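Hi,

Here is the structure I said I'd pass on. Have a look when you get a minute, and my notes are underneath.

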Amino acid sequence: MAHGRVHLGHPQPMTLVSDALVARLREWGVHRIFGYAGDGIDPILAALNRAGGDPELVTTRHEEMAAFMASGHAKYTGEVGVCLATQGPGAIHLLAGLYDAKLDRKPVVAIVGQVVTTALGSGYLQEVDLQTLFKDACGQYVMTVTSPEQFPLVLDNAFRTALATSTPTCVIVPHDVQKAELPEQTPHTHGVVPTSTAFSRPRVIPPDADVDRAVELLQACERPALLVGQGAFGAADEVLALAERLGAGVTTSLLAKPVLEESLPFHCGVMGHLGTTASADLMSSCDALVVVGSNDPWTEFYPAPGQARTVQIDVTPRNIGTKTEVEVGLAGDAKDTLAELLARLGPVPANQAWRATVQGYARNWRDVREQRARDRRPGEDARLNPQLVVRELSPQLPADATVSVDVGSVVYWYARHLRLPAGVPAHLSSTLASMGSALPYGIAAKLAAPDRPLVALAGDGAMQMNGLAELITVAARWRDWADPRFVVCVLNNRDLAEVSWEQREMEGEPRFDTSQQLPDVPYDRYAELLGLRGIRVSGPDELTAAWDAALSADRPVVINAVVDAATPLLPPAQPYEKIKAMYQGLAAEQGPPARRAEEQLRRERAGEGFDDPRE
Ligand SMILES: Cc1ncc(C[n+]2csc(CCOP(=O)(O)OP(=O)(O)O)c2C)c(N)n1
Ligand SMILES: [Mg+2]
């Protein structure tokens, strides 16, 4: 091929681009990559074969899962996640997982094959314009390598950029370039760019004047609240210290649920549509808000305009002021910035009445939550209350567990009912909110920490979308795990329930059976077929034993929890006008489940103190 237009001087030891790729991955600290084969990457696969397992190639059942695993790996480990796919269809399949990383701001490097450079532009078999395909998902850096000498700098830039911008990046390597020779030592000559794996992060703290303004604001307030986001991971001590000093109530974004122990008396739980009444109460009555590393998009759940003077701490200046009116922006790392703020804040007179109010919100929510979880479904065709399924996990969740969650109604029950012991990580596709995150995330977490028990919570729609396929990966690998416990709990409601509730709440329409209904699958028996254990649960009294059996099993377990789809996804503390459409949609539906759902909704609203009219 026509590479090497650069004059390289004397003959010197050469290596293949693919071998250089594998060696460079190790230098970047990558010891596991997630991928799927194709002839477009055969030279890279051969190099991985020669590398003898470092990095290890984890194969998935679908490239999308490789990308989700890379995103999950980044979330659980803090490292760069790497995925590998072939040209054309394989590359296309990566997209959703890469967008997941992009929207939740995680560093991922995608390595994809491409047809040979001699055929590019000819409309070749599997030829897809990959630069354009990845242009948005990997907007910070996507590059096609067209010569071997260019390869090292492109790979290094992809890693540097992924780390520096917390986003996915993409390296496209045409098949012939993968097989081309590269000098082991970069020649010191015009047109060849030296590169290295050196990387460093800045220590970012805001200017003193900004901190002083924040201090002034906080000293003048009477009813402070903290909204804690994923930027506060690693800053729990400082967040706690600020909350205690100010006497503030605390709420978190969904992503930041694991940051703080939720049993703290002033912790009001997760905010937003899927959040708690305590969080809604806190946000609607505070007069000052400190947003710490959160860019939570549930804007209608922030304080109303003009209600609260707001300080926002964010390491990314462009995030400041983007979701609510902010008076003082503090551009800085959460931990260091909070430390600065605490150092300058001095003692603050404690507003005991506000403290008591906040603790009252939190206590009240805990009562509401317990009531909802314990609510039994009456009637002949009674099904399990899904809230109880998740509630019953809380006391049994091992202190060293790792949790992965899917998108669907289970996120509501996770946010509201699962008590995470301190230090238990939990992740899901949050900002992209893509179905199909629980299994690939769970596998990535398990491979990163095979000695920790894993619990994956998923809906039946998500299981049918990809979970059943990825369970095959679990079945193929569990014997290698130091702790074989990998518990998948499927909330089997035969419904795309979250969307069914959205059809009612957002549109005032009845649930559309054709689009919402799911075929029944015996998830427990499918697990048994794969050599795993399966447990079917259909009554509330079986739950404790089911979780216990699953968490003490000698192999992965699938719990098929047959639950009631007629369980409202009720946003917290909303005026009747906002809930009216839900009643309207339900009223237009026939049959006992709709009547049950209506009564359930009315009861849950009453539990929040609303006496909704019967129209
Ligand atoms: C890839 C993808 N497709 C569609 C959606 C829209 N969506 C959000 S939740 C949901 C229902 C999920 O159903 P299931 O997994 O059964 O969970 P349930 O809500 O029934 O508990 C759907 C279709 C999405 N978020 N992601
Ligand atoms: Mg479902």
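Below is what turned up around the ligand, in one helix and at a few backbone spots. Keep in mind that this is a predicted model.

Ligand site first. Ligand 1 is surrounded by 18 residues, and the closest are Gly 408, Ser 409, Gly 459, Gly 461 and Ala 497. Three helices give two or more residues each to that shell: H15 (409-417), H17 (460-477) and H18 (497-507). Sorted by class, the shell around ligand 1 holds 9 nonpolar, 6 polar and 3 charged residues.

Next, helix H13 (residues 352-374). With 23 residues at 1.5 Å a residue, H13 should span 33 Å, and its end C-alpha atoms are indeed 33 Å apart, so the two agree. Its buried residues include Trp 354, Val 358, Tyr 361, Ala 362 and Trp 365. The buried residues of H13 pack against strands E10 (249-252) and E11 (267-270), and also against helices H11 (277-285), H14 (386-391), H15 and H23 (592-607). H15 thus turns up twice: it packs against H13 and gives residues to the ligand 1 shell.

Now the backbone. The Asp 54 to Pro 55 peptide bond is cis, with omega near 0 degrees; Pro 55 sits in the loop between helix H2 (42-51) and strand E3 (56-59).

Ala 433 has a positive phi, near 50 degrees, without being a glycine. It lies in the loop between strand E16 (426-427) and helix H16 (438-448). Ala 433 is partly exposed, because 17 other C-beta atoms lie within 10 Å, and buried would take 20 or more.

Arg 494 also has phi near 50 degrees, in the loop between strand E18 (486-492) and H18.

Cheers

Terms used:
Residues are numbered from 1 along each chain as its sequence is written. Chains are lettered from A and ligands numbered from 1 in the order in which they are written. This is a predicted model: local features need pLDDT of at least 70, side-chain atom pairs count only at pLDDT 80 or more; totals for chains, interfaces and linings use all residues. A residue is near a molecule or strand if its C-beta atom, placed from the backbone, lies within 6 Å of it. Helices (H or I, at least four residues) and strands (E, at least two) are DSSP runs, numbered from the N terminus. Ala, Val, Leu, Ile, Met, Phe, Trp, Tyr, Cys and Pro count as nonpolar, Asp, Glu, Lys and Arg as charged, and the others, Gly among them, as polar. The expected span of a helix is 1.5 Å times one less than its number of residues. A residue is buried if 20 or more other C-beta atoms lie within 10 Å of its own, exposed if 12 or fewer, and partly exposed in between; C-beta atoms are placed from the backbone. Two residues are in contact if their C-beta atoms, placed from the backbone, lie within 7 Å.
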